[in-house]
Amino acid sequence: MSALLGAEAQGKKGLPLDADFAAVSRLPLDADFAAVSRPSLFMHHLNISPTAIMHKTENVHFRKTNKNTVIKRVREVYLRTDIPCLSSQCPMNPPCHERVKVESSLLTSETPYYLIPDYSVSLRYVELLEQEELTNIIFSETILQRLQSEDKSRTYKSLRQVAKDPRRRSVVFCNEHCEDTHVEREPNESIEHRDWRALLKSALWYYSHLQRQVPIILLSEQFSQADAAEYFEIEGITVLSAKQYLNQYWPNNSVLHELFDSLKEAILEEDVKNQTQESGALRKSSSTGYQEYKPLSELEAGVKSERFFQGVLKVRANHRDQAFIRGNANIGEIVIMGSEYRNRAVHGDVVVVELLNKASWVAPSTHISYDPEEVHAAADDNDEERSTGRRHREIKPTGRVVGVLTRNWQPYVATLQEGSEKDSGSFHLVLPLSPIIPKIRIRHHDPKVLANQRIVVRIDSWPTNSQYPNGHYVRSIGPVHELDTEISAILIEHGISVSQTTQGFSEGSLKEMPVNTDENPWKPDSKELSRRRDLRKHTVFSIDPPNCQDIDDAISIRELENGKIEFGVHIADVSFFVKENSLTDLEARSRGTTVYLSDRRFDMLPKVLSEQICSLRHHVDRYAMSVMWTLDSEANVLDSWFGRTVIRSACEMEYEQAQGLLNGKDVVPNLDAKTCKQLKPSVVLLAKTMRKVRARRMANGGLELESSEVKFKFKEEGGGITDILPKQPLEVHQIIEEAMVMANSHVAKRIYTGFRDSSMLRHHPPPIESHFKMLIRAAESRGFTIDTSSNLSLANSLRECAAKSQGDIEFVRLIKTMATMAMSEASYMSSGSCPVNEYAHYGLALDFYTHFTSPIRRYADLVVHRQLTACVEGELLSNKTTALSAPSSTVSSLAHSELLKNGFKMEQLAEHLNYKNRESKFAQKDSTELFQTLFILQRTRRQSEGTGLGSAGKDGDEEEVPYVEAGIISEIRENGFFVFVPRLGIKGPVYLKEKSGDVVVPLSVLKSLTKGTKDKGELQQQSKEHLVNVSGCEMDTDLMTKISISVPATVAREYTSDKDGGLARNVQFRLFDKVQVALRLKKSLAHRHSIYMTLIGLEPPKSTADGLTLPSTNRLFKQKGSVGQQLKQDEVKRIAQQDPGLAKLSERELIQQIRQGQEEATTSLKYTKSNKKKAGKKQPDPEEMYSQTRAESSLYRLMDAFDRFRIIESSETEV
Ligand SMILES: [Zn+2]
């Protein structure tokens, strides 16, 4: 160690255990002591042996709290001699980090400097530190401890996150515990000053420990080079402010500089405290401010004694004045009404709630909200609601927030409040895109540049005297309602990383990739070939959608001479190319999954793998991981084999082609006769075999639910969507699915035998019985009985519904969707995290399941491949007699893999992947909705206006063309109902009651009851007439199943003038009734546009002849088309159902939110450049369809783990 440090320790500080300090620590300790003196949070992961402890010392700090009381904080510190530098530059032999288990990646040796940020920089510029460009950052324990003790948990978490991300090569240095860097506070020394000395000492230590090879840059806003020179000879150490650092090292990086500028303007709590007077308009005076939170100790004690309740605050999307938490099992859901009671908590925060007295409890309303901006002062804010609404409602425990344990503040996409750009002040309000997030106050010197832009903002603080949270502008995404802007907004809101969406892969990662160019195409290596089972003589083929680029599965099947069947599933051997913990692996792990949007995709792996070397293209040799079975003629498995193979696909077939062969055709389009002849017997045998396998699984209770999606048809050269098409389900889809399900479940069993405590499995817990309430009632209303006691009974009930519904496809579809909604969510898990009886997959009726078949697109599959390889090759090693004796190089690395064997880490990884999957599905859903609104915008716009860009927000002079479709009533609410339009996969509200309370029914509907079938002219007339509402009617709602309107005689008479011959006096709308609706857009600047509907008629027309707007609907009604959004939107409904009390309300709001999401880009139709067709979409995963809500018990865990949830669930993806 350097003499310099030694001298310092002797001279300035004296002995660490100095008498004064010891004396102080014996003083009676105040209440905060216990909370503060907890053991270091940073040591445990290092696994340092206790023998290395040198001696104990104490840090005593006096700190002023927010309430201006002084508390004493004492920390016991065990100084050690073995704190590692965590640098790959370490000159020790062995390197000092080898003495400990290190989880993070090390600081690199190929860097011009290491960065050590101080407290001032960490607090204000945390987002700079989060930028991926900045690497090799040393976070000192000093800073992290201080962030914690001052409740800066968001900053704290962000820094820990950076240190945990292996790509960032950044570490936490436990300087407070290091004998050589520990610094005692001197009498009368300020905390800032002591911490500054501590950092300096750490910097010096690094510099000398690494033998002066790596200069250190200390970042500080408070101290300068001169301040450092005061203490030390500072060779090799440079002190820079953030700005100086950027100017010097990143002079041309505009992103970093812009970020710096906006952060400089951020309003931190510290600033707020210092502001005695503030631009008054935006702030409430302190007399009307929020209540202070209770001290942590009181909150903790209160939760323990059940005086308070702890939970994740969720805000209802379209009643954003209503929030709730799930209390404990006794109390159930607790409602929090209004911003005063919410007390500065934001959606997703972990809060502590105190119940109000029972007299103040309220019943949240169950009507469809009229407007995303809608705010209710209270649930029972008008008499009308009280009379009709409340009798259907349930009074709920109601409370107020008394503390926030964890903030969930995210980067939010927002828009400057309209008109704000004209304000002269520097403070402005922005409206987050998501209506559940409060307006945020930001400081910006030039609001004009923010007008009509989507911007990213962050919340920094929310003082009690401020009506809105304070935040800062981060960056601008682009003009509101432009397609690329709105897509970016979706990606940001779902936490999809910048590297995945823009930057591609790092240079280092690309260097790891095999070479595959035209001149030098990739070829299998002869040595590697000798280790693999050679299946190149087998007839292997793949079946995918047209233009599939990333083919990760292929199949082979043949009848053996003994009458048995040899059946193989071959999956791209991605794990051969992506080594564990390589840069590519780390990036893929972080991405978790490929993200598919309606018009583009963002890959998990570099294209050279996903589209080329790993993709199982035909006529080329490819490495695969194969499962080979020997089956008897009844498709029972006699024998199975797992292992690495080499294959040569004979054909990349498309679904339609395969279906053609299956249907008996000898030749199918775009496939030559020879190939058809070669493949037909395989396809036929495959179908025959898989039908048997499937039938067996169904007999065990496997559920057949709706797998449905819509796809968009784009004009070739941009300029718009030409249509939305339901995907046509073919039998061959089911056959391929069954083959994949079979492979996945067999692999699951295999890896479980090798990794009892850490195999990556996928389970689907049985649903909670009470969640089926709505399904059962809905079915009852149509005379059906649903038995939900087991998956088999449910499957049988659904089958009976289908059989007896007289071909009413839409009814069956909705019933199935309701069943899907009621279910729990399928998720990844580590086998060690729960008992064997919880591994089962309810929806598929399998005891073991995992994801093995899509390693190009899902990281979980890659892990499963590694586990399978380790199992199989481990077996090979112990069994020398096998022909494939030469173990491939992966064995040793996998044998040492910490991850594969560590159940705890595997569980963490599983949760990360669950989170990434969910967000990716949300993004996919949002993008689908975006395009649906675009489509409606196009269709409702007058032809003469073309597809020009509409002005954002209101465009009153535009005349709408009605766009009429057939729909089915999918949900009844207090003031109307929701209609699902199968053809477009859109669900939207129809209001029968206006905001004022007036019941309104379209004249056309009353007339239609008195008339028979209509011709086209009549329908068009009708679609205009719907605008004429008959008011003065009365309404009665039987929630869930029907809504009745009665027309008073006086009203009827008023409208009965001409040839109509009278109006109906009573109209009843029942769940599952068929209706005709006109689809419309509700436009918004700050939020996404949303689709709503107006009622046109009660029945779809019997038949219509030609191709105007109307005809397609009826045809499609009868078609076996599939529903796109239905599942997704209905799963939202399921969320509402998962809590019996919450019932229908939140559904509505969530649905509305979705609808808003759709609108977003509507006014901008110029998405010419971005019309990449979605390539490589795979068939829907039957398994994924069952994924829904989690069981209540695990909900909190889920929500804690995925702090970015917006809607709890999502459902479909692909195999
Ligand atoms: Zn070292």
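A residue counts as buried when its relative accessible area is under 20%. By that cut-off H209, at 11% relative accessibility, is buried, and H209 is a handy place to start because it takes part in a metal site, with its NE2 atom among the protein donors of the zinc ion. Everything here comes from a predicted model, so a word on confidence comes before the details.

Averaged over the protein, the pLDDT is 76, and 72% of the residues score at least 70. Two stretches fall well short of that. Over residues 1-53 the pLDDT stays under 50, and the model gives this stretch 85 contacts beyond four places in sequence. Residues 276-287 are also below 50, with 19 contacts beyond near neighbours in sequence. Where pLDDT is low, the predicted coordinates should not be read in detail. As for the overall build, the protein has 39 helices and 39 strands. Of its 1215 residues, 62% count as buried. Among contacts with a separation of 6 or more, 74% are between residues 24 or more positions apart.

Back to the metal. The zinc ion has three cysteine SG donors, from C85, C90 and C96, along with NE2 of H209, and the four lie 2.0 to 2.3 Å from the ion. Angles among the four donor atoms run from 103 to 117°, and the site is tetrahedral. For reference, ideal angles at a metal are 109.5 degrees for four tetrahedral donors. Along the chain the donors follow the spacing C-x4-C-x5-C-x112-H. C85 and H209 are 124 residues apart and link distant parts of the chain: C85 sits in the loop between β2 (70-80) and β3 (114-117), while H209 belongs to helix α8 (residues 191-209). Like H209, C85 is buried, in its case with a relative accessible area of 0%.

The loop between β2 and β3 has another feature to point out, as P94 lies there too. The peptide bond from N93 to P94 is cis, with omega near -5°. Most peptide bonds are trans.

On the histidine side, α8 runs for 19 residues and covers 26 Å from its first C-alpha to its last, close to the 27 Å expected at 1.5 Å a residue. The helix is mostly covered, with 18 of its 19 residues buried. Just after α8, Q211 takes a positive phi of about 55°.

Positive phi also turns up elsewhere in the chain. Most residues other than glycine have a negative phi. A635, not a glycine, nonetheless has a positive phi of about 70°. This alanine is placed in the loop between β25 (621-631) and β26 (637-654), and at 3% relative accessibility A635 counts as buried. F1072 is another case, with a positive phi of about 80°. Its place is in the loop between β37 (1066-1070) and β38 (1074-1082), and F1072 is buried as well, with a relative accessible area of 1%.

A second histidine, H763, offers a look at packing further along the chain. H763 is in strand β29 (residues 760-763) and is buried, with a relative accessible area of 10%. Setting aside neighbours within four places in sequence, H763 is in contact with E825, A826, S827, M829, E838, Y839, A840 and H841. One of these residues, E838, has its backbone oxygen 2.9 Å from a polar atom of the H763 side chain. S831 is 68 residues away from H763 along the chain, yet their C-alpha atoms are separated by 9.7 Å.

Another side chain-to-backbone link involves S598, in the loop between β23 (595-596) and β24 (601-602). The side chain of S598 reaches the backbone nitrogen of T928 at 3.4 Å. S598 itself counts as buried, at 9% relative accessibility.

Finally, helix α25 (residues 731-754) can be checked in the manner of α8. Its 24 residues should span 34 Å at 1.5 Å a residue, and the end C-alpha atoms are 35 Å apart, which agrees. Since 19 of those 24 residues are buried, α25 is largely enclosed by the rest of the structure.

Definitions and conventions
Residues are numbered from 1 along each chain as its sequence is written. Side-chain values use heavy atoms; hydrogens and water are left out. pLDDT is the predictor's confidence in each residue, from 0 to 100. Contact means heavy atoms within 4.5 Å. Donors are N, O and S atoms within 2.8 Å of the metal (3.2 Å for Na, K and Ca); water is not among the atoms, so sites may look incomplete. Four donors count as tetrahedral if all angles lie between 85 and 135 degrees; four count as square planar and six as octahedral if opposite donors are over 155 degrees apart and all others between 65 and 115; anything else is irregular. Helices (H or I, at least four residues) and strands (E, at least two) are DSSP runs, numbered from the N terminus. Buried means under 20% relative accessible area, exposed over 50%, partly exposed in between (1.4 Å probe, protein chains only). A polar contact is a pair of N or O atoms within 3.5 Å; within protein, one must be able to donate a hydrogen and the other to accept it, and residues adjacent in sequence count only if both atoms are side-chain atoms. The expected span of a helix is 1.5 Å times one less than its number of residues.
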